[in-house]
Amino acid sequence: MLDRIDHVGVAVSDLDAGIALYEGSFGMPLAHRETVEAQGVEAALLDVGEGHVELLQPLGPETVVGKFIERRGEGLHHVAYAVDDIDATLGRLKDAGVELIDEEARVGIQGSRVAFIHPKATGSVLTEIVEPGHDG
Ligand code: CO
C-alpha cells in the first residue's frame with residue numbers, strides 16, 4: 001500500500017541556500033515552491049528521478065519544523081511514501097494498530113493530501129504518507 005518513495009524532507013533554515021545546493025550544485029530541477037501555512041513552512045520541491053527532495057524552511061520558531069531545527073539542527077526530517085488512496089491507507093494503518101500523528105489526511109504541498117505516522121511507531125523515523133495532488 002506504500003507504493004514508492006515520494007520524497008525525503010529536509011529541514012533548512014535558509015530555503016534559498018538549500019535550493020542553491022540541490023539545484024545549483026546537485027543539478028536537481030526546482031519543480032515547485034510554496035508556503036504551506038497548515039504545516040508552518042515555506043517548501044520547495046526538487047525533482048530527482050521519479051521522486052523529490054522537499055526542502056522545508058520554518059515560518060517561525062514555534063512551528064513544528066522550527067522546533068525541530070532548534071532541538072536537532074538542520075537535516076533529514078522525514079521520508080514520505082506515495083499511496084493511491086490516503087484515506088484507505090490510514091484506515092488500514094489504524095486497524096493494524098500503528099500510532100498516527102494525523103488520524104485524518106491534511107493539506108500538503110502542491111494539492112497533495114498528507115498524513116504523518118508517529119515516530120514511536122517507526123523506530124524514530126518520521127514517516128509521511130502522501131496522496132499526490134492531481135494539479136501537477
Ligand atoms: Co513531506
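Guide: Before we start, one term: donors are N, O and S atoms within 2.8 Å of the metal, and since water is not among the atoms, a site may look incomplete. Keep in mind too that this is a predicted model.

Visitor: Got it. Which residues are the protein donors of the cobalt ion?

Guide: Look for His7 and His78, each using NE2, and for Glu54 and Glu128, each using OE. These donors lie 2.0 to 2.2 Å from the cobalt ion.

Visitor: What spacing do the donors follow along the chain?

Guide: Written as a pattern, the spacing is H-x46-E-x23-H-x49-E. Take the pair Glu54 and His78: they are 24 residues apart, with Glu54 in strand β4 (residues 51-58) and His78 in strand β5 (residues 75-82), so the pair links distant parts of the chain.

Visitor: Why is the arrangement around the cobalt ion called irregular?

Guide: Here you check the angles. Four donors count as tetrahedral if all angles lie between 85 and 135 degrees. Around this cobalt ion, the 4 donor atoms subtend angles of 82 to 166°, which makes the arrangement irregular.

Visitor: Are Glu54 and His78 buried or exposed?

Guide: Both are buried. The cut-off to remember is that buried means under 20% relative accessible area. His78 has 4% relative accessibility, so His78 counts as buried.

Visitor: What does His78 touch, leaving out residues up to four places away in sequence?

Guide: Quite a list: His7, Val8, Gly9, Glu54, Leu56, Phe116, Leu126 and Glu128. With His7 there's also a polar contact, side chain to side chain, at 3.3 Å.

Visitor: Let's move to the strands. In what order do the 8 strands of the open sheet come?

Guide: Reading across the sheet, you meet β2-β3-β4-β1-β5-β8-β7-β6, and the pairing is mixed. At the edges sit β2 (30-36) and β6 (106-107), each of which pairs on one side only.

Visitor: In which sense do β1 and β5 pair, parallel or antiparallel?

Guide: Antiparallel: strand β1 (residues 4-11) and β5 are paired that way over 7 bridges. To see this on the model, find Arg4, which stands opposite Ala82 in β5. Now turn to β4, which runs parallel to β1 and is joined to it by 5 bridges. Try Val8, standing opposite Val53 in β4, and then Ala11, whose bridge partner in β4 is Leu56.

Visitor: How do I read a helix? Which residues of helix α3 (residues 86-95) are buried?

Guide: Ile86, Thr89, Leu90 and Leu93 are buried in α3. Look down the axis and you'll find that they cover an arc of only 100°, which puts them on the same side of α3. The buried residues of α3 pack against β7 (113-117) and β8 (127-131).

Visitor: And what caps the N-terminal end of α3?

Guide: Asp85 does that job, with a side-chain oxygen 3.1 Å from the backbone nitrogen of Asp87. After α3 comes Gly97, and its phi is positive, near 80°.

Visitor: Which residues other than glycine have a positive phi?

Guide: Two to look up are Gln110, with phi near 55°, and Ser124, with phi near 75°. You'll find Gln110 in the loop between β6 and β7, and Ser124 in the loop between β7 and β8.

Visitor: How does accessibility class Gln110?

Guide: Gln110 counts as partly exposed, since its relative accessibility is 22%. Ser124, with a relative accessible area of 59%, is exposed.

Visitor: One last stop, Val36. Where is it placed?

Guide: Val36 is in strand β2, and it is buried, having a relative accessible area of 5%. Setting aside residues up to four places away in sequence, Val36 touches Val41, Val107 and Ile109.

Visitor: How many residues separate Val36 and Gly91 in sequence?

Guide: They are 55 residues apart along the chain, and C-alpha to C-alpha the separation in space is 25 Å.

Notes
Residues numbered from 1 in each chain as written. Predicted model: local features only at pLDDT ≥ 70, side-chain atom pairs only at ≥ 80, totals over all residues. Heavy atoms only, no water. Donors = N, O, S within 2.8 Å, 3.2 Å for Na, K, Ca; no water. Tetrahedral: all angles 85-135°; square planar, octahedral: opposite > 155°, others 65-115°. Helix = DSSP H or I, 4+ residues; strand = E, 2+ residues; numbered from the N terminus. Buried < 20%, exposed > 50% of the residue type's maximum accessible area, 1.4 Å probe, protein only. Arc of directions from axis to C-beta. Contact = heavy atoms within 4.5 Å. Polar contact = N/O pair within 3.5 Å; in protein donor to acceptor, adjacent residues only side chain to side chain. Pairing = 2+ DSSP bridges.
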